[in-house]
Amino acid sequence: MPPRRRGSSGFRGVRARPSGRFYAEIRAGGFRLTLGTYNTPELAARAYDAAAWRFRRPRRDMNFPDVESLEEAEFLAPPPCLVDDEDRRRHRQVQRRIAIAEHDEELMRQWRAQFPNDVDNTDAFFADLRAQRRSNRRHRRAVAEFELDNPNTTWAENDPRWDDIWTETTSDDE
């Protein structure tokens, strides 16, 4: 039987994921044993080699034939990633949230296409709100500057309104 081809990662038993991480697995007795997902192809290959040593595979099936023993292979391999019920629950929860967010985005896209006037009204509402907030910031800063120049101010020394002197009112706000 000819040796298996090495994948795009360049290592036996290692495949690149779309996320940029690397997935390691080994086949044994008709089963596929998942070894985990790793940040680099070398780490995934080390995990593969440790499993290959455990299954007493010949050295020609190893990614790193210079490793002399099972102990050395396990020492060089990253610790196994154990998936428990809590991990599975969290994964399901994240997947549900992603599905809900994608559904919401699709509904918003449909709503925008069906009611373009509402979109314009919403944009105008938020533009007015920004203008009001800008105006309020300018007014608070002007009052604080007036109180600073007034020798008979009624503001206490630790009054939080003094912070309004440092309020940014740049040309970007206009």
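## Starting with the helix α1

Which residues in α1 are buried? The list runs Pro 41, Ala 44, Ala 45, Ala 47, Tyr 48, Asp 49, Ala 50, Ala 51, Ala 52 and Trp 53. Keep in mind as you look around that this is a predicted model. In all, 10 of the 14 residues of α1 are buried, so the helix counts as mostly covered. And what does the covering? The elements over those buried residues include β1, β2, β3 and α2.

How far does α1 reach from end to end? From its first C-alpha to its last, the helix spans 20 Å, close to the 20 Å expected at 1.5 Å a residue. Just past the end of α1 you'll meet Arg 56, which takes a positive phi of about 55°.

## The sheet underneath

Now for the strands. Three of them make an open sheet, ordered β1-β2-β3, with antiparallel pairing. The edge places go to β1 (14-16) and β3; each has a single partner strand, so one side of each has no neighbour in the sheet. Going from one strand to the next, the twist averages 25°.

Strands of a sheet pair through backbone hydrogen bonds, in either a parallel or an antiparallel way. Here, β1 and β2 run antiparallel and are joined by three bridges. If you want to find a matched pair on screen, go to Arg 15: its bridge partner in β2 is Tyr 23. Then look for α1 again, because the helix lies across β1, β2 and β3, running at about 15° to β2.

## The nonpolar core

Nonpolar side chains tend to be buried together in soluble globular proteins. In this model, the largest nonpolar core has 20 residues, and the ones with the most contacts inside it are Val 14, Ile 26, Leu 35, Tyr 38 and Ala 44. Two or more core residues come from each of β2 (22-28), β3 (31-38) and α1 (41-54). The largest share belongs to α1, which gives eight residues.

Tyr 38 is a good one to click on. Leaving aside residues up to four places away in sequence, Tyr 38 touches Arg 21, Phe 22, Ala 24, Leu 43, Ala 44, Ala 47 and Pro 78.

## Charged partners

How many salt bridges are there? The count comes to 13. One of them joins Arg 12 to Asp 61, with the closest N and O atoms 3.7 Å apart. This pair ties together distant parts of the chain: Arg 12 sits in the segment before β1, while Asp 61 is in the loop between α1 and α2 (70-76), 49 residues apart. Are these two buried or exposed? Both Arg 12 and Asp 61 are buried.

Another salt bridge brings together the side chains of Glu 25 and Arg 32, at 3.7 Å from N to O. Glu 25 has a relative accessible area of 7%, which is under 20%, so this residue counts as buried. There's a wider group here too: Arg 15, Glu 25, Arg 27 and Arg 32 are linked in a network of salt bridges.

For a pair inside one helix, head to α3 (residues 85-114), where Glu 86 and Arg 90 lie four residues apart, about one turn of the helix. Their side chains meet in a salt bridge, again 3.7 Å from N to O. Glu 86 is partly exposed at 34% relative accessibility, and Arg 90 is partly exposed as well, with a relative accessible area of 41%.

Note on methods: Residues numbered from 1 in each chain as written. Predicted model: local features only at pLDDT ≥ 70, side-chain atom pairs only at ≥ 80, totals over all residues. Heavy atoms only, no water. Core = buried A, V, L, I, M, F, W, Y, C linked by side-chain atoms within 4.5 Å. Buried < 20%, exposed > 50% of the residue type's maximum accessible area, 1.4 Å probe, protein only. Contact = heavy atoms within 4.5 Å. Pairing = 2+ DSSP bridges. Axes fitted to C-alpha atoms, helices over the stretch in contact; angles between N-to-C directions. Salt bridge = Lys/Arg side-chain N within 4 Å of Asp/Glu carboxyl O. Expected span 1.5 Å × (residues − 1).
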